[in-house]
Every structure is written in C-alpha cells, then in structure tokens.
Amino acid sequence: MNYKTILPLLLMSLPFQQVEAQTREVGAFEMEPHLGISLPLAGKGYTDDSAVSFVLGCEARFNFKQKPFDVGLQLDFGNVCHNEVIFIGSWSLFSDYNFRQTQKVSPFVGLGLGFAGIGTNSWGGSEKHDHGRDGLMISPRCGVELLHSFRLTATCNILTASPDLSYFALTFGVSLGGWKKRKRGE
C-alpha cells in the first residue's frame, strides 16, 4: 500500500481511537458569536482577488462528554466586494475534533456542510447582476481556542453552485458556556 491509501484510512479511523479519560469535563452546550474578515478565493472580473471584506455570525455547539468532538450549527453573513457588493448568507452543520480539549490552548480541525444564499447590490445604480446561484457549501476549517473562551478560526467556504464566489474567512469568536465544569473542592 502507498501513502495515498494509508493516509485516508488513518484519517477515517480517528473517530474510533480510544480517548484518554479527562479529569475535567467541558460543558455540554456553548454559543459563539464571531466576526472577522473574508477574502475571495477566485475572481472573474467582478470581484477583486485582494478585496478584504467582512463576515459575522453565530454558532451553537454541543460538546460530547469525555470525547474530543463537538457538533454545531453555524449561521454566517458575509460578502465579497469590488464595484458591487455580493452578499453571502449561509447556515452549516459543523463537526470539530478538539486537540488538548481541557488545556488553555486547544487547537481544533473541523468540517462543515451547509447551504449558501447569494444576493447582490450595485453601488452605481439599481442594475442587478446574476453572479451566482444558491447552493451547497463545504467548509473545512481549523483554529485554536484560547483560555476556554476565545476562538480564532480559519475557514475555507467552497460554494459548489458558484465556485467563483468561494471565500476564505478568518474569524474571532467568544465562546459562551461550555466552560469546564469544576468538581467540588477545586
């Protein structure tokens, strides 16, 4: 077997690996409002490849008891700018694998699958252009959680129906809830 066969098998086996029991648990539910910047991954004349724009949203997550996994629902609103604004609203189901979950610095990787809706508005007048179609969005992401409260996340949002509007987002969020439960006497 070569590495192209072994690597996917190893990655698929991660969820089934034994996880060392943690002495402290994280809370079951958490909410994370976040905001950040977005950069288009591709342009076709109507977007500027270097145009920095914004993204904001909120995510609700469920943390599995004594497992380094969580699942959540994320709602985002972002845009891609140039001479017009192309709005992208999305909702996605996410799952993350948290490394060193009970530590003060906890990296994570995840994958989201959802739906993106696209709308446009021209700065120069009322003329509307059809730049993309609503459709499926795939979102691999990675990041780090600091002090059990602050999350810095890098996400690549790939719009399958409108790949020219796919974008990279770098967000900063604050996790509310989900803090470690303290045992009596700590």
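Q: What volume does the second largest cavity have, and what makes that figure a volume?
A: In this predicted model, the second largest cavity has a volume of about 80 Å³. The figure is called a volume because it is the space filled by probe spheres set on the grid points.

Q: What makes this space a cavity and not a pocket?
A: A cavity is a set of points where a 1.4 Å probe fits but cannot get out, whereas a pocket is open. A search of the whole structure finds two cavities of 30 Å³ or more. About 120 Å³ of space lies in the largest.

Q: Why are residues such as Glu32 and His34 counted in the lining of the second largest cavity?
A: A lining residue has an atom within 4 Å of a cavity point. Glu32 and His34 are on the resulting list, which also includes Arg141, Arg151 and Ala169.

Q: Which strand gives the most to this lining?
A: β7 does, with four residues. β1 (29-40), β3 (69-81) and β8 (167-174) are among the strands that each supply at least two.

Q: What makes one residue of the lining of the second largest cavity nonpolar?
A: Ala counts as nonpolar, so Ala169 is the nonpolar residue in this lining. The others divide into six polar and five charged.

Q: How does the lining of the largest cavity divide?
A: It has one nonpolar, seven polar and five charged residues. Val26, Glu30, Asn98, Gln101 and Glu145 lie nearest the centre of the largest cavity. Val counts as nonpolar, so Val26 is the nonpolar residue there.

Q: What share of the protein is buried?
A: Of the 186 residues, 39% count as buried, that is, under 20% relative accessible area.

Terms used. Residues are numbered from 1 along each chain as its sequence is written. This is a predicted model: local features need pLDDT of at least 70, side-chain atom pairs count only at pLDDT 80 or more; totals for chains, interfaces and linings use all residues. Side-chain values use heavy atoms; hydrogens and water are left out. On a 1 Å grid over the protein atoms alone, a cavity is a set of points where a 1.4 Å probe fits but cannot get out, and a pocket is an open set with protein on both sides within 12 Å along at least five of seven lines; lining residues have an atom within 4 Å of a point. Buried means under 20% relative accessible area, exposed over 50%, partly exposed in between (1.4 Å probe, protein chains only).
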